[in-house]
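Q: I have a model open and would like to read its overall build. Could you take me through the features?

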Amino acid sequence: MQAVKIVGVGQIEVKDVPIPVPGDNEVLVKLKASALCRSDLHLYHGESVFEDSDIDGSTITPGHEPCGVVEKVGKNVQSVKPGDRVAVYLAYGCSSCSYCLAGDTMLCDKFRCMGFDLDGGHADYLVTPEYNCLPLPDEMTFLQGAVSTDVGGTLYTACRELGVDGTQTVVIFGIGPMGCGGVLMAKGYGAKVIAIDVDPQRLKLAQELGADIVINPKETDSVAEIKRLTKGMGADVAIDCTGSQIAQNNALDCVKPRGKVGFIGESKSCTINPSDQFIRKLIDLKGLWYFNRADWNEITDFIIRNNVAIEKISSHTFPIEEAAEAFKLFDSRVTQKVVFLWD
Ligand SMILES: [Zn+2]
Ligand SMILES: [Zn+2]
């Protein structure tokens with residue numbers, strides 16, 4: 001079978017490797033869709049996403065947002081059978097600590113991530129524990145399933161945890177794939193959505209996805225404009241998908257007292273003024289990262305029932321043979337999600 005390998009900085013090779021054999025509790029999945037993620041590019045740029053990882057990235061098949069059809073199952077596998085359509089949950093844990101038992105496998109001490117620590121979905125097949133197979137509803141395409149994991153799952157959870165509803169104004173900072181997911185999910189909840197980005201193309205896309213108002217902070221003071229649009233109050237909820245210190249500060253500043261802020265965009269440092277921006281506004285600030293495994297059915301139900309056009313998060317698709325081109329294009333930041341598709 002073919003598998004993508006990041007063999008050096010900026011170097012992608014599609015290699016011929018043996019089809020993996022599932023163990024007793026494992027499942028062999030034939031891939032149908034596998035989305036690229038900004039975090040795949042850390043490896044592509046020679047950096048590691050998880051700093052404590054001692055694994056040689058060049059030997060691992062990347063891809064942690066995959067979807068496919070079960071091809072073969074190990075002898076102890078009960079919950080899936082050949083022919084089942086599945087998305088794959090990215091987190092592997094010890095399966096016995098309180099986080100694993102609660103479905104928050106990514107919080108486990110022994111957390112390992114598909115596509116970084118173990119072979120992932122940018123390949124014709126992958127092997128995964130039975131536990132990581134998430135049922136893909138018939139109403140969803142494989143591409144929709146793939147972008148419903150990392151993006152859909154994270155942004156659905158973000159909106160739910162931040163208490164988004166149809167009475168609220170929600171500001172989304174950064175209209176890359178995560179921000180697009182934020183616009184779609186917040187609209188799914190019925191909120192009024194304000195999208196912020198410095199790129200006019202991305203703002204146009206945000207409007208197509210349903211954003212009610214778009215603001216380009218290069219042209220307009222976004223915090224002042226959000227205050228003006230909310231009669232001086234500020235927004236109810238702000239979600240930062242950029243990881244930029246400016247946007248993180250603007251997110252804190254644009255919400256009203258008792259407002260809620262979510263940080264999704266990864267970053268290493270940020271300076272804030274806790275008293276003025278946070279403490280005396282009684283702000284709730286939440287870190288948001290992926291989703292609890294038990295929420296998968298709720299996430300897909302929400303997408304189906306509210307006709308969330310989750311597939312619009314993907315702007316380009318490629319066959320796996322063209323992986324080098326796909327990575328290069330995705331790295332140029334002119335696209336939304338790039339997804340590998342199989343027939
Ligand atoms: Zn991802
Ligand atoms: Zn655990």
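The turns below go from the whole chain to its domains.

Q: What kind of model is this, and how many helices and strands does the chain have?
A: The model is predicted. The chain contains 10 helices and 17 strands.

Q: How do I read the radius of gyration of the chain?
A: Compare the value with the one for a compact globule of equal length. For 343 residues that rule gives a radius near 20 Å, and the chain has 20 Å, so the two agree. Along the principal axes, the C-alpha trace spans about 60 × 40 × 40 Å.

Q: What share of the residues is buried?
A: Buried means under 20% relative accessible area. By that cut-off, 55% of the 343 residues in the chain are buried. The accessible surface comes to about 15100 Å², and carbon and sulfur atoms hold 49% of that surface.

Q: What do the contacts say about separation along the sequence?
A: Take the contacts in the chain with a separation of 6 or more; 67% of them join residues 24 or more positions apart.

Q: How far apart are the mean positions of the positive and negative charges?
A: The chain has 33 positive and 46 negative charges, and their mean positions are 5 Å apart.

Q: Which domains is the chain divided into, and how many residues of each take part in the contact?
A: Domain 1 covers 2–136 + 309–341, and domain 2 covers 151–287. The contact takes 9 residues from domain 1 and 13 residues from domain 2. Taken over C-alpha atoms, the centres of domain 1 and domain 2 are 29 Å apart.

How values were computed: Residues numbered from 1 in each chain as written. Chains lettered and ligands numbered in written order. Predicted model: local features only at pLDDT ≥ 70, side-chain atom pairs only at ≥ 80, totals over all residues. Heavy atoms only, no water. Helix = DSSP H or I, 4+ residues; strand = E, 2+ residues; numbered from the N terminus. Rg over C-alpha atoms; globule rule 2.2 N^0.38 Å. Buried < 20%, exposed > 50% of the residue type's maximum accessible area, 1.4 Å probe, protein only. Contact = heavy atoms within 4.5 Å. Areas by Shrake-Rupley, 256 points an atom, 1.4 Å probe, with all protein chains shown as cover. Lys, Arg positive; Asp, Glu negative; His and termini not counted. Charge placed at Lys NZ, Arg CZ, Asp CG, Glu CD. Domains from an automatic or database assignment.
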